[in-house]
Protein chains: 2
Amino acid sequence: MTRKKLDTLNCSMAQSLDLIGEWWTILILREAFFGTRRFEDFLQNLGIARNILTTRLRKLCDSGILKRVPIKEGARRQDYRLTEMGHGLLPILIALSHWGDKWVQKKGAPVKFTETATGKEIREMAILSQDGRTLRAREMLLMPGPGADEATRKRLLVLREVLELRIRESKNKER
Amino acid sequence: MTRKKLDTLNCSMAQSLDLIGEWWTILILREAFFGTRRFEDFLQNLGIARNILTTRLRKLCDSGILKRVPIKEGARRQDYRLTEMGHGLLPILIALSHWGDKWVQKKGAPVKFTETATGKEIREMAILSQDGRTLRAREMLLMPGPGADEATRKRLLVLREVLELRIRESKNKER
């Protein structure tokens, strides 16, 4: 599947990945969250080729995830900072990190995220109801949102029918 | 950067992406969460080439994210189900989805996730302290975990020094 085709899907997961899913991009974002700002520091910390870094940083600026900021007022040299849109990516990065800690790492987490004020680890990323209960996939429904196109609406209708059928089946088994 | 090199990084984000970051893989996982189980249904819903689907499903089974289950007791035909490890990916997929809804979609969310029992939308994915407050990047520290190697420990030490310096600088500016 080409990136272009993914781009046209009526799906926020696919479109988010289309912006941030490249290996280098995610590692650049990790650096930005670590506090790296200067081109030369990205270059050194990542061990990436100069031209690849240039392209990726430009793309991240163009899509609004990073912005260029003069290093001092009136300075010509600029460094790279996360925008609000960029900061919004942190839950994705931390969810990736927690999952890897739990399921991939053999020696346990390389890095723990703690709250500065309390020194306690942050909560494990989880899906929560409005009143804070952890939800599993089977406790959720997929509903069309304001941006759903006709194909998405049809698909979601079929999905709900399949789901209801399975719930009935598993209830019958329990009897 | 080749996948092999990414594989050796002492970083859970990178290693998680190494398992799930391919476009087709994430869309296969999305289907699995939607309730798709049979090879032919994946094929039809995704519009993917048969050989690509076969390879990706095998890889997901090999890494423990999906498992093959006989469609009935004693049946030869098998379908594909998410393992517990696979179910653990849902917070990542929903975090991707929420971010895309907010920052990429022009017409609003194509799909909303609601709790079946209450009909209410789930909470927006966020980073939480142990007592449930939403945290921003600047309120967190990165600490070495049990799986940190020497290079990670050194890097985290440097990061904390940079962070403390910036906090002092911004306090000086406020005066």
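## Surroundings of H98(A)

In this predicted model, H98(A) makes contact with F113(A), I122(A), R123(A), E124(A) and M125(A), when neighbours within four places in sequence are left aside. The residue belongs to helix α7 of chain A. Its relative accessible area is 12%, and H98(A) is therefore classed as buried, the cut-off being under 20%.

## Relation between the two chains

A turn of 180° with a shift of 0.0 Å along the axis lays chain A on chain B, and the RMSD of this superposition is 0.0 Å. The two copies are thus related as by a two-fold rotation axis. Within chain A, I92(A) has the C-alpha nearest the axis, at 2.8 Å from it. Both copies use the same surface, since 100% of the contact residues of chain A recur in chain B.

## Helix α2 and residue I20(B)

Helix α2(A) is mostly covered, with 9 of its 9 residues buried. The buried residues of α2(A) are S12(A), M13(A), A14(A), Q15(A), S16(A), L17(A), D18(A), L19(A) and I20(A).

In chain B, I20(B) is located in helix α2. A relative accessible area of 1% places I20(B) among buried residues. With neighbours within four places in sequence left aside, I20(B) contacts L96(A) and W99(A) in chain A, and T25(B), I26(B), L29(B), I65(B), L89(B) and I92(B) in chain B. I20(B) and I48(B) are separated by 28 residues in sequence, and their C-alpha atoms are 17 Å apart in space.

## The largest cavity

The structure contains 2 cavities of 30 Å³ or more. The volume of the largest cavity is about 50 Å³. Its lining comprises 11 residues, of which L17(A), I92(A), L96(A), L17(B) and L96(B) are the closest to the centre. One of these, I92(A), is also the residue of chain A whose C-alpha is nearest the axis.

Helices α2 (12-20) and α7 (90-103) of chain A, together with α2 (12-20) and α7 (90-103) of chain B, are the elements that give two or more residues to the lining of the largest cavity. By residue class, this lining divides into 10 nonpolar and 1 polar, with no charged residues. Two residues described above belong to these helices: H98(A) lies in α7 of chain A, and I20(B) lies in α2 of chain B.

## The second largest cavity

The second largest cavity has a volume of about 40 Å³. Its lining is formed by L19(B), E22(B), T25(B), R56(B), K59(B), L60(B) and S63(B). Helix α5 (residues 50-62) of chain B supplies the largest share of this lining, namely 3 residues. The lining of the second largest cavity is made up of 2 nonpolar, 2 polar and 3 charged residues. T25(B), one of the lining residues, is also among the contacts of I20(B).

## Aromatic pairs

A search of the whole structure yields 2 aromatic pairs over all chains. In chain A, the ring centres of F42(A) and Y80(A) are 6.4 Å apart and the ring planes stand at 80°, so this pair is edge-to-face. The pair connects distant parts of the chain, as F42(A) lies in helix α4 (residues 39-46) and Y80(A) in strand β2 (residues 78-82) of chain A, 38 residues apart. Both F42(A) and Y80(A) are buried.

In chain B, F42(B) and Y80(B) form an edge-to-face pair, with 6.4 Å from centre to centre and 80° between the planes. Here too the pair links distant parts of the chain: F42(B) is in helix α4 (residues 39-46) and Y80(B) in strand β2 (residues 78-82) of chain B, 38 residues apart. F42(B) is buried, at a relative accessible area of 0%. Y80(B) also counts as buried, because its relative accessibility of 13% falls under 20%.

## Surroundings of S129(B)

S129(B) is located in the loop between β3 (111-115) and β4 (140-144) of chain B. With a relative accessible area of 1%, S129(B) is buried. Residues up to four places away in sequence not being counted, S129(B) touches E115(A) and R123(A) of chain A as well as L135(B) of chain B. R123(A) is also one of the residues in contact with H98(A).

Key. Residues are numbered from 1 along each chain as its sequence is written. Chains are lettered from A and ligands numbered from 1 in the order in which they are written. This is a predicted model: local features need pLDDT of at least 70, side-chain atom pairs count only at pLDDT 80 or more; totals for chains, interfaces and linings use all residues. Side-chain values use heavy atoms; hydrogens and water are left out. Copies are superposed by least squares on the C-alpha atoms of residues with pLDDT of at least 70 in both. Contact means heavy atoms within 4.5 Å. On a 1 Å grid over the protein atoms alone, a cavity is a set of points where a 1.4 Å probe fits but cannot get out, and a pocket is an open set with protein on both sides within 12 Å along at least five of seven lines; lining residues have an atom within 4 Å of a point. Grid points are joined across faces, edges and corners, and a volume is the space filled by probe spheres set on the points. Helices (H or I, at least four residues) and strands (E, at least two) are DSSP runs, numbered from the N terminus. Ala, Val, Leu, Ile, Met, Phe, Trp, Tyr, Cys and Pro count as nonpolar, Asp, Glu, Lys and Arg as charged, and the others, Gly among them, as polar. Rings of Phe, Tyr and Trp (its six-membered ring) pair if their centres lie within 6.5 Å; planes under 30 degrees apart count as stacked, over 60 as edge-to-face and the rest as tilted. Buried means under 20% relative accessible area, exposed over 50%, partly exposed in between (1.4 Å probe, protein chains only).
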